[in-house]
Amino acid sequence: MLTVFPATLAAGYGMAHALGQPSLFGLTYGGMVGLLVGLTIAGPKAGTLALRCVWGVPAMLLALLCAIELQPYRIPALIAAAAALGVQLSARAYLGEFGHDAGTMFFGGFLGGILVPIPLSQMQYIAPIVAVAAVAAAVVQVVLCRMRPATGLVHIERGFLTRTRYVVRRATRLVAAQDRTTRATRKLRNEMFHLNEAAMLVDGYLASSGRPGQLAARLHRLVFDTELAAHALGRTVMQLCRHPLPDEVRTLLLAALSDLDRGGRRHNGTVRASTAPLLEWLARHEDDSPDPEHERLVSALYRFVAVLGDLHRAGDAWTTEADAKLEADIAASDGERFTTPVTLVRGKLPGTDLLASRVLASGGMRRPWNAWSKPNAQMRIVIQLLITLVIAIPLGDALSGKRFYWAMIGALIVLSNTDSPHDRMRKTAKRVIGTLIGGLVGIGFVNLLGSDHPMATLSLICVALAVGAYSISTYYSVWAGCLALSLIQLYSFTGGFKDSVIVLRAGENALGAVIATLVALVVLPIATRTLLHRAQASHVHSLATFVRESGEVWSGSSGAEGTREQARAVDQATHELHRFTRSLVHLPASAGHERAEDIRSTMRRAAVYAREMSVGSGEAVLTTGQRERLRRITGNLSDSIDALAGIVPDTGKVSDSENAPAASASPWLRSAEDIRQLQTALSVSPANAQLRHALHYLGYLDDLLGDLAARLDMPVQGSDYRTGARALSRELFALRAEQATAGQALPAGGSGRHARTTAPATAAATAATLTAGPVGSVEGHLVYLDPDRSPAVTRLTVLHPDRPQRVRALDVSGDTFRINDLPPGFYQILATSPGRRPEVVVVSVTADRTTNCDFLLQGQED
């Protein structure tokens, strides 16, 4: 718009001079072409794009000719105007994009001919002006504005990374604030929501980018993991800031966060340097108090360290150039296209467009209109619009014979891209308010510039329309205001300007919009409740599918690397439900608002848990019994979620719980006990770390949806998972922190916790004391079946018997080790080395004695 509109204005201006016509004459018709083309036409193919730009010129000239002939006859002209608007909408339903382009130009030309009476002889000048302006628009569109999937994807990627940086900065500001404010927390949540939308946009553009499937899948995983880490950072910071932070902790957190914003530089060693002070603080203060708040602080700090490591790794992945030869090999051999559950509409997230289409296709209209078995969505709008115009045009003409078309346009606008009466009410209010504010600003510019500075006024119009076009999809009131401002400037040159024209424009628009809203409530209506319940049920079903497929992946039955794709399907359902629920106008007497908001917020949290669970893969080391138990857990939970999906639409039909069904044939069966038992049975092998993390959030998902089921009067059986989960959370976050700081021992008591063993083979590895009192030791050998391939370093991880979150990690460079100062009790010791299977042993430590423990390490392929 910013380039097309000025180009067509210049073309119209030049042609007017060449033909000996007034400059305003050329600017008017050239600008009309630029406005219509710039707002409605875009595409990736140069030939198709150029043809679409000039395709509508004959339709526009034909409409102008008809309008000139009908202009003296008022009633036929009004009827023809309504018919022209109907042609514009219906052409797209049957002729596609070219029909839409021709219909738009036809209506624009007809409206221009009705409003500005011109003699038929002027057509000999209008035709070349319009034709040259269309050619100019085509050249600019093809050369400067053509959509290119590859470069478009690059811009979307940059937007995603910018959103990631915004989340980090908002989190930093929240930590820096001495007093936690609701506004700061809300801004961080908003940035996290926009980050999720940006990530889905990347997925949507990846599917049409033409990139080889493996390369696209690799970028998809990188985007997903980056978003997951950034979201986890935001949630962890909000958890930390719920209560006042110690000043020392706040300073350490700010120092660690500052290292994330590094301008694309490598992050080598950064995570260790930034987390070492935090680990030292944990070493000194981890056991200061048994208070639950202190326990939560320690657990959140462990999680912060882990998330920090994830973000640094993501930063390295973005800033490291991929192997060009590898990419070439993949591009040459990869014939599989990347697919994603994310569907875009006109290059944007669909909002509620797909929801309304699904409801309409399934016969969701009210009786008796649902007798139309296969309704066409576009023709439904055409019918509603034509009935609206029958009412709105006479009323608008009675209000102002010169400005009646504003009522027509108001009706068209409010019926386009809206799916419920609530959405139409919001759009009407935005249009009226934007028109009034923009008109007042426009009057100020008219008084300032008058008609003596045409170039300044023309520049103002171009800038205003460009800003409005940029904001049209996000801030519709800005577009309405910019358009009103531009029209006021034009009226000041044509002599049709009066201060009252602003109120008249707002009134005509409101008239058409209100009539259209009322007609849509009666003619071919889709009930708001139907849309809401369909969105809710779709979201719950997507969660059931995600849990069911997660069980197949985690148990090794599916070869997928995690369930990121299924989590994206949940994200799309979340976006759809959120957009529709937030569009509802909350009237004082409206019923079910609190319930709808409860379901929306619950589903958003469920989507967060789904993303956390999506890292689980089939690489876990499981026995046959554990695999069967895992499938049983996910199967039972997915069945309960499906039953909940059937309950959700029925809950809105009753006004209170007393009228709700007392019992359901399919109660919610909690799986907390089975999840806890499986968690206990799993080893602490690194291969199981992701599965244990996913199971932990599966338990929270079970609690979240089980509580929702109870609020919806669905019978719930079994115990919850959150009871007793705090200690496991701390253990899991500590293990993740240990993985994030590979090569750096986590605190286990005292400053010596960070000691790293790199002694020769005959030396001993010593760690610091876990607790005061009698202690023992563990020593032994690391036996390599193929000593020629002995690794440089083998890592030993020790888990405390009573406090599993207390992790001691040390690196041994030889084949002997010794661990001193262990309190009496049972310990799990995990040995890991690159290219070898992890080994876990359980040892019993006795006071003042040394326990022998040997590890047999063999290669992965052995």
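Visitor: Is the crossing of α8 and α22 left-handed or right-handed?

Guide: The crossing of α8 and α22 is left-handed. Keep in mind that you're looking at a predicted model.

Visitor: What makes α8 oblique to α22?

Guide: Start with the angle. Helix α8 (residues 182–207) and helix α22 (residues 564–583) cross at roughly 125 degrees, and their axes come within 11 Å. Roughly perpendicular covers 65 to 115 degrees, and roughly antiparallel needs over 145. The angle of roughly 125 degrees fits neither label, so α8 is called oblique to α22.

Visitor: Which residues of α8 and α22 make the contact?

Guide: On the α8 side, they include Phe193, Asn196 and Met200. On the α22 side, Arg568, His575 and Arg579 are among them.

Visitor: How do you know that α1 is roughly antiparallel to α2?

Guide: Same kind of check! Helix α1 (residues 4–19) and helix α2 (residues 23–40) pack at an angle of about 150 degrees, with their axes 7 Å apart. Anything over 145 degrees counts as roughly antiparallel, so that is the label for α1 and α2. This crossing is right-handed. Among the residues in contact are Gly12 and Ala16 of α1, along with Gly26, Gly30 and Gly34 of α2.

Visitor: Why is the pair of Tyr405 and Trp406 called tilted?

Guide: A search of the whole structure finds ten aromatic pairs. In the pair of Tyr405 and Trp406, the ring centres are 5.5 Å apart and the planes sit at 55 degrees. A pair needs centres within 6.5 Å, and its planes count as stacked under 30 degrees or edge-to-face over 60. At 55 degrees, the planes of Tyr405 and Trp406 miss both labels, so this pair is tilted.

Visitor: And why does Tyr405 count as buried?

Guide: Its relative accessibility is 9%, and buried means under 20%. So Tyr405 makes the cut. Trp406, at 2%, is buried by that rule too.

Visitor: What form do Tyr609, Tyr697, Tyr700 and Tyr721 take together?

Guide: Those four tyrosines form one aromatic cluster.

Visitor: What makes Lys427 lie over the face of Tyr476?

Guide: Lys427 is at 5.2 Å from the ring centre of Tyr476. The distance limit is 6 Å, and there's a direction test too, within 35 degrees of the ring normal. Lys427 is counted as lying over the face of that ring.

Visitor: Why is Asp713 called partly exposed?

Guide: Its relative accessible area is 28%. Buried ends at 20% and exposed begins over 50%, so Asp713 lands in between. You'll find Asp713 in the loop between α26 (689–711) and β2 (716–717). Asp821, in strand β6 (residues 816–822), is partly exposed too, with 25%.

Visitor: What is the phi of Asp713?

Guide: It's near 65 degrees, a positive value in a residue other than glycine. Asp821 has a positive phi as well, near 60 degrees. These are worth pointing out because most residues other than glycine have a negative phi.

Visitor: How do you know that Ser299 is buried?

Guide: Ser299 has a relative accessible area of 8%, and the limit is 20%, so buried is the right word. Ser299 lies in helix α12 (residues 292–319). Not counting residues up to four places away in sequence, Ser299 touches Ser729, Arg730 and Phe733.

Visitor: How many of the 862 residues in the protein are buried?

Guide: Buried residues make up 52% of them.

Conventions:
Residues are numbered from 1 along each chain as its sequence is written. This is a predicted model: local features need pLDDT of at least 70, side-chain atom pairs count only at pLDDT 80 or more; totals for chains, interfaces and linings use all residues. Side-chain values use heavy atoms; hydrogens and water are left out. Helices (H or I, at least four residues) and strands (E, at least two) are DSSP runs, numbered from the N terminus. Buried means under 20% relative accessible area, exposed over 50%, partly exposed in between (1.4 Å probe, protein chains only). Rings of Phe, Tyr and Trp (its six-membered ring) pair if their centres lie within 6.5 Å; planes under 30 degrees apart count as stacked, over 60 as edge-to-face and the rest as tilted. Axes are lines fitted to C-alpha atoms, for helices over the stretch in contact, and angles run from 0 to 180 degrees between N-to-C directions. Angles under 35 degrees count as roughly parallel, over 145 as roughly antiparallel, 65 to 115 as roughly perpendicular and the rest as oblique. A crossing is left-handed if the near helix is turned anticlockwise from the far one by less than a right angle, and right-handed if clockwise. Contact means heavy atoms within 4.5 Å.
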